[in-house]
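Student: I have a model open and want to test the labels people put on it. Can we go through them one by one?

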Amino acid sequence: MYLSKTLYTVIGAGTRHVKDRHKKLLINKVNGVACSLILLSLIFGILFYALSGYLIVLLSTIVESLLLSSIIILNHYGRHKLAAFSLQMVLNGAILYFGLLLGNAIDGLWLALFLIVTSFLFLKTRTAQVISLTGGSISLVLIETNKYLQFVPPFPFTPMVQLVVHYSAIGVILFLTVLTLMHYIQHNKLLVAEVQEHTGELEKANRSLRVFMRELTHEIRTPLNAIYSISQLKLMEARPGNESITNEHLHFACHNVLSIINNVQDRSKMEAGKPDELKREAFNLRSWMHEVCNIYRYFANTKGVTIQVSIDERLPAVIFEDKTSLTKIANNIIGNAIKFTRKHTVVTVSIFRQEASWMIAVKDQGKGIPPEKITTLFDEFTRERINFAEGTGLGLNIAKKLANHLQGDIRVNSEQGTGTTFIISLPLREYQSRLAENASTGKELSGFQGKKVLLVEDDLMSQQYLSRFLSAKGFQVAVAEDGLEGLYTASGDQFDVIISDMGLPRMGGRELLAHLKDNTYLQHIPVIITSADTAIKDDILKAGASSCLIKPVDFKVLHRVLQDLIHSRTLIPENRA
């Protein structure tokens, strides 16, 4: 017990104040090999002296043991690099000395193996390794040359003594090689453990970042909902003039912020390997394209840019595709075209059919893209600054990934000085349904005069501006500020539709929806849920909501959903917002 404790103390000499685990392992390794060599040298010296009677070998092993002890002392006093280098030099010197004296009893191949292994294990700097390997190579050359020229006469051995010395030397070198390799394996295990530990920390940090980004974008969407509502109302109520232009700027700035938030969320989902599932639905292609372009006409007007849309007559009226992903792709491509086209030019959006595919070609009249930049165009964070329309550099990267997710692609043709054309190609999926076509056209069937809507919203600004929009469309609006009040209000009157926020005090939107659907007298009322959380949409629709709108609420989308709910009383399942 005392011996093992002493040995543990000796091997750990100089590690008390070392914090780095790799340095501590190297010090232990140097001390451990030095201790092993001291023991083996003394045993070998005594054995050789007993067999041959040569006292000089015994004295030499004693000197070697003292030199090895000094290496442990160097480590004890914190001279760790010098200790490792000194150990290698002592090994080289001992191999040269005993190799010359013992002659044919020593095999140079085993010595070479041992020197190579120890040089790379004990020495961590390139200079020290080169010096050690060079010195070792010179020693091996001298030993092998001396076997033939005998400029240092080796000891004469009887065959029995030579055999014992030969295999003893092999045994010692093999033992030390295995010992150093065991340290090497231990070092690798330590590296693997550290990599696993760091990987776990990175994964934890990545999860924390995703949670932070989700919560941050969620918190941003709530106040943005009020600002976006104000911008939409001001556009609806504005008269021609300077005020109208200001309102257009405000509206597009809000839309640009929303695009940035959506891009950041999409990137987080893709990075986590959990992109949104495809939800294909039937919709009117022409109406959709005009809606997308109309949003960007505000921004285009500030540059004097005209957006021209042409749609091939051979294309069907209704297609079946993931409208959300498609809109994100079109928003990024058309938005970029307007950013980079010259002032007072035309951005052309052409939709045409090509065999079993359909294409969206967006052409600008900008300065074009240099060939060397096209190869990195779809990389993350590739961007240029364009006034308030500057983005995150994620738009094209996400658009490309979304197109690939839809089994399509995006390619670029650019000519410097003329402009750039982005071509989105997608497989054509026609949808043969008269009902779906009627529901997807977005045509206003009639007004909402006399219809009653219950608005359950705790954010006062969102409540105020959403009420103004609904009133302007002819609704009689009742307001509740929490879920419990909303449930009482719904029970006391006959409403045509209920619009409820998700995050409500006293009773949340999900719980309110469950109570409404469990109530025989209220379950027939369509419920529209608004939320800043993009991840809950599917669950809310499964729970019985007629539609789920993500904040900030687009009044045009809300208007279309209200038309479907009020006039048709039900949404086509594939066509829910």
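Student: How do you know that E2 and E4 pair?
Tutor: In this predicted model, six bridges join E2 and E4 in the parallel sense. Pairing takes at least two bridges, so E2 and E4 qualify. Within E4, valine 347 is the bridge partner of isoleucine 307.

Student: What makes E4 and E5 a pair, and in which sense?
Tutor: Seven bridges, in the antiparallel sense. Serine 350 stands opposite alanine 361 in E5. E4 and E5 also form a hairpin, with two residues between them. Glutamate 355, in the turn, has a positive phi of about 55 degrees.

Student: Which strand pairs with E5 over seven bridges in the antiparallel sense, with residues 419-427?
Tutor: Strand E7. Valine 362 stands opposite phenylalanine 422 in E7.

Student: What is the strand order of the sheet that holds E2 and E4?
Tutor: The order is E2-E4-E5-E7-E6, an open sheet of five strands with mixed pairing.

Student: Why are E2 and E6 said to stand at the edges?
Tutor: Strand E2 (306-311) and strand E6 (409-415) each have a single partner strand, so one side of each has no neighbour in the sheet. The twist from one strand to the next averages 15 degrees.

Student: Which helices lie across these strands?
Tutor: Helix H9 (residues 285-302) lies across E2, E4 and E5, at about 170 degrees to E2. Helix H12 (residues 395-405) lies across E6 and E7, at about 135 degrees to E6. Over 145 counts as roughly antiparallel, so H9 is roughly antiparallel to E2. The H12 angle to E6 falls in the oblique class.

Student: What is the pairing in the sheet ordered E9-E8-E10-E11-E12?
Tutor: Parallel, in an open sheet of five strands. Strand E9 (476-480) and strand E12 (547-550) are the edge strands, each pairing on one side only. Neighbouring strands here are turned by 20 degrees against each other on average, direction ignored.

Student: How do you know that E8 and E10 pair?
Tutor: Four bridges join strand E8 (residues 452-456) to strand E10 (residues 497-501), and the two run parallel. The cut-off is at least two bridges, so E8 and E10 pair. Leucine 455 has isoleucine 499 as its bridge partner in E10.

Student: Which helices lie across E8, E9 and E10?
Tutor: Helix H14 (residues 460-472) does, at about 160 degrees to E9. Helix H15 (residues 483-491) does too, at about 165 degrees to E8.

Student: Why is aspartate 501 called buried?
Tutor: Its relative accessibility is 6%. Buried means under 20%, so aspartate 501 counts as buried. Aspartate 501 lies in strand E10. Leaving out residues up to four places away in sequence, aspartate 501 touches Val456, Glu457, Asp458, Gly509, Thr530, Ser531 and Lys551. An unreviewed UniProt entry lists Asp501 for "modified residue: 4-aspartylphosphate".

Student: Why are H3 and H4 called roughly antiparallel?
Tutor: Helix H3 (residues 55-76) and helix H4 (residues 80-102) pack at an angle of about 170 degrees, with axes 8 Å apart. Roughly antiparallel means over 145, so the label fits H3 and H4.

Student: Which residues make the contact of H3 with H4, and how do they divide?
Tutor: The H3 side includes Ile56, Val57, Leu67, Leu68 and Ile71. The H4 side includes Leu82, Leu87, Val90, Tyr97 and Phe98. The contact residues divide into 13 nonpolar, five polar and one charged.

Key
Residues are numbered from 1 along each chain as its sequence is written. This is a predicted model: local features need pLDDT of at least 70, side-chain atom pairs count only at pLDDT 80 or more; totals for chains, interfaces and linings use all residues. Side-chain values use heavy atoms; hydrogens and water are left out. Axes are lines fitted to C-alpha atoms, for helices over the stretch in contact, and angles run from 0 to 180 degrees between N-to-C directions. Contact means heavy atoms within 4.5 Å. Angles under 35 degrees count as roughly parallel, over 145 as roughly antiparallel, 65 to 115 as roughly perpendicular and the rest as oblique. Ala, Val, Leu, Ile, Met, Phe, Trp, Tyr, Cys and Pro count as nonpolar, Asp, Glu, Lys and Arg as charged, and the others, Gly among them, as polar. UniProt positions are given in the numbering used here, feature names are shortened, and annotations may be inferred rather than shown by experiment. Buried means under 20% relative accessible area, exposed over 50%, partly exposed in between (1.4 Å probe, protein chains only).
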